[in-house]
Amino acid sequence: MAPEKNPPKKWKPPKGPKPVHHKNKNIVGLGKTIASVRAKENQVQYLPDGDIRFTTDKREADWVKLRSVTHENALEDFLNTAELADTDFTAEKRSTVKIIKVDNRQNPYLLSKEEERKKHDLQKEHEVDLIIPRRPAWDTSMTKFQLERQEKEAFLKWRRQLAALQENKDLLLTPFERNLEVWKQLWRVIERSDLVVQIVDARNPLLFRSKDLEKSVKELDPRKENLLLVNKADLLTKAQRVKWAEYFIKNNIRYTFFSAAKANELLLAEANEENAEEDSSSDHDFQDEFEETDEESIADSEEETDKENSLPLSSHVDSNEHEDEITDDVEDEDEHTRVITVNELEDLLLRAAPGPLTEPLEGQTQRLQIGLVGYPNVGKSSTINALVGSKKVSVSSTPGKTKHFQTILLSDSVILCDCPGLVFPNFAYTNGELVCNGVLPIDQLREHTGPVELVCQRIPKFFLEAVYGIAIPTKPVEEGGLGYPSPQELLNAYARARGYMTQGFGAADESRASRYILKDYVSGKLLYVRPPPNVDNTPITIEQGKDFNKELYTVDHLPESRRQQLLQAAKEKHIDILDLQSDLSKLTFSGHVGSSSSKGAAYTGTNYGGKQAALFSASEELDKEFFKMSSGKGIVSNPFHKLGAPSAGKKHNKKNKKKNVKNTEMY
C-alpha cells in the first residue's frame, strides 16, 4: 500500500507591516543619464534631401573623435572606409601568395642592394603622388551636413589614392594619420597662420618633412611663408651640419638649426641664477634692518652701495664670461651651420613672417600668427616652452571650443598656433626602418631581427661593446660572416650578459634584449645621423653612413660613467690616447674582459645560461665537438677517431683493460 502524500501547504502572507516604496527625489542620476544616452543613440535623423537615417551604433564623445589613428587592421580599415563613403560594400575574396626565396646571408625582412635601388627609383618616380588631404572649397551658405559630406568625400578620395600607391605600385608607406578630425586641425592652423614652421628631427630631417605641406600653404595664399626648424641639432657634429646645410641651400629650403633641450637648460640655469640673486638680496636687506646708525642719510647711501657691490656682481661677471664663450663659439662656426639660441629664433620668426595677413574680428587687434607643425615627439612642445620662457611674461592659453588646437600669446603682437602632432605619409623601404626611426612602437614589435640588423649595420661593433660593456663574438667573413655582428650574435651576447633568459630550455631572451637595444637607438644613446641624399639620387650605402658618422663613435660620445671606466682601464694598460677601434679589445671593464695577447679575442666575463644559452650556432658547436678543437695534448701516433678504441682480444680480460687504460693515459 503506497504511503499517503501530505497535502501542499497554502501560501500565507508574511507578518508585519507592508513595505512602502519611497519615490526617489533625485531626478538627476546615473539611471537618467544612461536612459538619455540610449535615447540619443537610437535617434532617427531626417536628412535635408528627405532620407531617414537610423543607426544603432554607439555615439562617441567629441574628445574621442580626436584620437590619433595611424594603425588599422583590415576590418577597421574596411569599416572606416564604408563610414566615410556612406555606402554599402561587398567583400571580394582574393588569394595572393608570394613565395620568398630565403638566403642564409640575407635577412628576409630587409632589402638587398639591388632591391633597394629599384625601390628607390620607384619612390622618386611617384614622389609627386605623395600628398596630404586638402580642405574642399566652402562658403557660408553651406549647411553643416553639406560641409561634412564634402569633407568626407575629399578625405576618402585621398585615402584611395594612397591605397592605390601601395597596392598597384608595390610601395611601402609610413603609418599616416587616418582620422579626419585630426586633419581638420591642420587645416585650421594653415588657414590662420602667416608663417608655418615644420619641426623635424635632425637625425633624419627628410623623413619628417612634408613637401606637399609647403605646397598647400602656398596654394592657400602665396604671401604665406614656410620655415624648416631642424631640432635636436646639438646631436650633429659640425661637419654633419655643413653637409646638411649645403643640401638645404642647394634645394632652396629655408631652414635653421636649433636645440630645444639646450635652450631649456639655459633658461633653467638663468632662472636658478635669478632666484639666487633674489635670495641673496633679501638676506642682505634683512640684515640691514638691524643695523643701528646715527644718520639716516649715511645709512641709506651705504645700503645702496652694498646692493650694487654685493653677490649679484659676481653673477654678472659669470654671465658675461658665459656670453663671451657663446660669442667665441658663434665666431668659430658659420652662420648657416651654427645652432641658434632662443632669442635668435624669435628674431628669425619675426623676420621670416610676411606680416599679419588674417583680418581680425571686431574689437580685436591684428596680430602676427605663427603655426607650429610636426610629428609627435620631435620636440614641438619643448620648442614652444623655450619660446614662451624667453619672454618672461605670463602665458595666455586660449584653447578652441573643442580644445583641438591651442593658441599661445607670445607677446602683444605675436600668437603661436600649436597644432596637434601629425604623422604625414612618407615612403619607407621596410618596417624595420620605421621601427628604427621611431614611427612604429617598439613594445608592439613582433619581428625583431630586421630592425636589429639595421642597428648592427649602422653602429660599429666596437662602439656597441663599449656602450654595453660586453664582447660580441662574430664569425669571420671567410666562414660565412657578414663583416658586422648579426642580430643573433648581438642579442645573444647582450641577453647573456644581462641575464635575460627564457623559461624551459634556458636560452637567451633575444626578444627582450632587442627592445632595450632599439629603445637606446631611438632615444639617441646609440646615435646615427642619416646622410643627405646623393647628387645622382642613388640610395645611401652602409659604407657612406659609417663614414658620415665616424666622428660620433669616440670616447667623448659615451655616457659619463662608461667613459670614466674606459679611461681608468686604459690608464692601467698604459694607453695615453685611447682609440676605441684598436684598443678596446685590450681593456677590461664592466663585463668586457680584454685579451692578454695582441691576437687574442676579448670575451664577456659574466655569462648567464651556461652552455645551453650559447648554442645559437649549432654547427660551430658540432665542429668543436667532432674535431676536438682546442683539446690537443701533444703529438699522437694514431688518428683522433681511434683514440681510446679497445684493442682486439677478449673484451672482459683484465689484462686488456689495463692495456687500454695505459694507452689512453699516454695520449
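Contact here means heavy atoms within 4.5 Å. The structure is a predicted model, in which local features need pLDDT of at least 70 and side-chain atom pairs count only at pLDDT 80 or more, while totals for chains, interfaces and linings use all residues. Residues are numbered from 1 along each chain as its sequence is written, and side-chain values use heavy atoms, with hydrogens and water left out.

A convenient place to begin is Thr 449. This residue lies in helix H16, where helices (H or I, at least four residues) and strands (E, at least two) are DSSP runs numbered from the N terminus. Once neighbours within four places in sequence are set aside, Thr 449 is in contact with Asn 107, Tyr 109, Pro 487 and Gln 488. Its relative accessible area of 16% makes Thr 449 buried; the classes are buried under 20% relative accessible area, exposed over 50%, and partly exposed in between (1.4 Å probe, protein chains only). The rest of the helix follows suit: H16 spans residues 449-458, and ten of its ten residues are buried. Among them are Gly 450, Pro 451, Glu 453, Gln 457 and Arg 458. The cover over the buried residues of H16 includes helix H15 (431-436), helix H18 (487-498), helix H19 (510-523) and helix H20 (542-548).

Turning to the protein as a whole, there are 25 helices and 14 strands. Of the 667 residues, 36% count as buried. Among contacts between residues at least 6 apart in sequence, 69% join residues at least 24 apart. The exposed area is about 43600 Å², of which carbon and sulfur atoms supply 51%; accessible areas come from the Shrake-Rupley method with a 1.4 Å probe, and for residues only the protein chains shown count as cover.

The cysteines deserve a brief word. A disulfide is a covalent bond between the sulfur atoms of two cysteines, and the criterion applied is a pair of cysteine sulfur atoms within 2.5 Å. By that criterion the structure holds zero disulfides. Cys 417 is in no disulfide, its nearest cysteine sulfur being that of Cys 419, 9.5 Å away. Seen from the other side, the sulfur of Cys 419 has its closest cysteine sulfur in Cys 417, and the 9.5 Å between them is too far for a bond. Cys 417 is buried at 0% relative accessibility, and Cys 419 is buried at 1%.

Helix packing can be followed through H6. The axes of helix H5 (residues 144-168) and H6 come within 12 Å and cross at roughly 105 degrees. Axes are lines fitted to C-alpha atoms, for helices over the stretch in contact, and angles run from 0 to 180 degrees between N-to-C directions. H5 and H6 are therefore roughly perpendicular to each other, given that angles under 35 degrees count as roughly parallel, over 145 as roughly antiparallel, 65 to 115 as roughly perpendicular and the rest as oblique. At this crossing, Glu 151, Lys 152, Phe 155 and Trp 158 of H5 meet Leu 180, Trp 183, Lys 184 and Trp 187 of H6.

H6 (residues 180-192) also crosses helix H8 (residues 211-220), with axes that come within 10 Å at roughly 55 degrees. The pair is therefore oblique. The crossing of H6 and H8 is right-handed, a crossing being left-handed if the near helix is turned anticlockwise from the far one by less than a right angle, and right-handed if clockwise. From H6, Leu 186, Ile 190 and Glu 191 meet Leu 213, Ser 216, Val 217 and Leu 220 of H8.

The loop between strand E5 (225-231) and helix H9 (238-250) contains Asp 234. With a relative accessible area of 33%, Asp 234 is partly exposed. Not counting residues up to four places away in sequence, Asp 234 touches Ser 259 and Lys 262. Asp 234 and Ala 260 are 26 residues apart in sequence and 9.3 Å apart in space, C-alpha to C-alpha.

Backbone geometry adds a detail to this loop. Most residues other than glycine have a negative phi. Lys 232, although not a glycine, has a positive phi of about 60 degrees; Lys 232 is also in the loop between E5 and H9 and is partly exposed at 23%. Asn 252 likewise is not a glycine and has a positive phi, of about 55 degrees. Asn 252 sits in the loop between H9 and strand E6 (255-258), where its relative accessible area of 72% makes Asn 252 exposed.
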